[in-house]
Amino acid sequence: MRTAWRDSISSVKDFVELYFKRNRGWPWPEENWGLTPMFGDDGWCHACGVPKREQAASLVLQRKGLSDPSGAWVPNWQFDVICMDDEVTERVAREFSVTTLPVGWPRVAPGEAHQIVIPSVGPAWFDPQELAERATARHGTAGAECAECGVWRWMPLAFGMLPELRARAHWDDYDVLASPEWFGDGWKAYRQILVRRELAELLAKSSPRDFRVVRVKEFVH
């Protein structure tokens, strides 16, 4: 459902970074970082952790480090995942255009919380030459192609260290979206996330210990 402010075409500059201050909860099973429940055993690359298809089933979280699943949060190891308790989920579903799945728990029926399923929206968000220069300056190398699945992952960079974003008009169809570019090293694999300002502010207000809203660099048109 869309609120009144979504009835008119808005600028891509309405998007912000929802910076997470901490992680809460561990994906289950730990040996696959919770990827198998989300994508199936054959739905993610076991060499680099990048999914091979869209998520179709629930993220499963352990209770470890998450005795109180209230507000909104980002779980460990899944840095492009946003979870919310039922109260926050109800409001988000009422006011924004997002897809959610119930969070699962080992040996317990799914409930108490939901995950926002964030679509990757292309084309590329960043100029690859600039991205290579910045990643190399930070890490000594730009990134690497997975020998197993062939996906290129850029070395991890905080949003403030990334090149300017390339604006896309069709971003107005989304309230939260992920880059088509993958980042990470070793077993880490994640996308960059942008959130509609109003949604980001709602999530940050519900969990000020977990999030803060950060303006991103001006967009390149």
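# A guided walk through the structure

Leaving aside its neighbours within four places in sequence, Ala178 is in contact with Ile118, Pro119, Ser120, Val121, Trp125, Arg191, Gln192 and Ile193. That is a good place to begin a tour of this model, which is predicted. Ala178 sits in strand β8. Is Ala178 buried or exposed? Its relative accessible area is 0%, and buried means under 20%, so Ala178 counts as buried. Now look across the chain to Ala47: Ala178 and Ala47 are 131 residues apart along the chain, and their C-alpha atoms are separated by 22 Å.

Strand β8 leads us to the sheet. Four strands form an open sheet here, in the order β8-β10-β1-β11, and the pairing is antiparallel. Which strands lie at the edges? They are β8 and β11, the latter spanning 211-214, and each of these pairs on one side only. If you compare neighbouring strands of this sheet, ignoring direction, they are turned against each other by 35° on average. Let us pick out one pair, β1 and β10: these strands run antiparallel and are joined by 2 bridges. You can find one end of a bridge at Phe15, whose partner in β10 is Arg196.

Next come the nonpolar residues. As background, nonpolar side chains in soluble globular proteins tend to be buried together. In this model, the largest nonpolar core has 21 residues, and those with the most contacts inside it are Leu18, Ile82, Val92, Val195 and Leu203. Which elements build this core? At least two residues each come from β1 (15-20), β3 (82-85), α2 (86-95), β8 (176-178), β10 (193-196) and α4 (197-206). Helix α4 gives the most to this core, with 5 residues. Apart from it lies another core, of 19 residues, which includes Ala135, Leu177, Tyr190 and Leu194.

Val92 deserves a closer look. Not counting residues up to four places away in sequence, Val92 touches Met84, Val98, Leu199, Leu202 and Leu203. Three of the names in that list, Leu199, Leu202 and Leu203, will come back when we turn to the helices.

Two packed helices are described by the angle between their axes and the distance between the axes. For α2 and α4, the angle is about 170° and the axes are 11 Å apart. Angles over 145 degrees count as roughly antiparallel, and α2 and α4 are therefore roughly antiparallel to each other. On the α2 side, the contact is made by Val88, Arg91, Val92 and Glu95, while α4 brings Leu199, Leu202, Leu203 and Ser206. What kinds of residues are these? The contact of α2 with α4 divides into 5 nonpolar, 1 polar and 2 charged residues.

Stay with helix α4 for a moment and find Glu201, which is placed there. Glu201 is partly exposed, with a relative accessible area of 40%. Its C-alpha atom and that of Arg212 are separated by 8.0 Å, and the two residues are 11 residues apart along the chain.

Our last stop is a loop. Val50 is found between α1 (35-39) and β2 (72-73). Where does Val50 stand, buried or exposed? Val50 is buried, with a relative accessible area of 2%. Setting aside neighbours within four places in sequence, its contacts are Trp44, Cys45, Val151, Arg153, Trp182 and Ala189. From Val50 to Val103 there are 53 residues in sequence and 20 Å in space, C-alpha to C-alpha.

Definitions and conventions: Residues are numbered from 1 along each chain as its sequence is written. This is a predicted model: local features need pLDDT of at least 70, side-chain atom pairs count only at pLDDT 80 or more; totals for chains, interfaces and linings use all residues. Side-chain values use heavy atoms; hydrogens and water are left out. A nonpolar core is a set of buried Ala, Val, Leu, Ile, Met, Phe, Trp, Tyr and Cys residues joined through side-chain atoms within 4.5 Å. Buried means under 20% relative accessible area, exposed over 50%, partly exposed in between (1.4 Å probe, protein chains only). Contact means heavy atoms within 4.5 Å. Two strands pair if DSSP finds at least two bridges between them. Axes are lines fitted to C-alpha atoms, for helices over the stretch in contact, and angles run from 0 to 180 degrees between N-to-C directions. Angles under 35 degrees count as roughly parallel, over 145 as roughly antiparallel, 65 to 115 as roughly perpendicular and the rest as oblique. Ala, Val, Leu, Ile, Met, Phe, Trp, Tyr, Cys and Pro count as nonpolar, Asp, Glu, Lys and Arg as charged, and the others, Gly among them, as polar.
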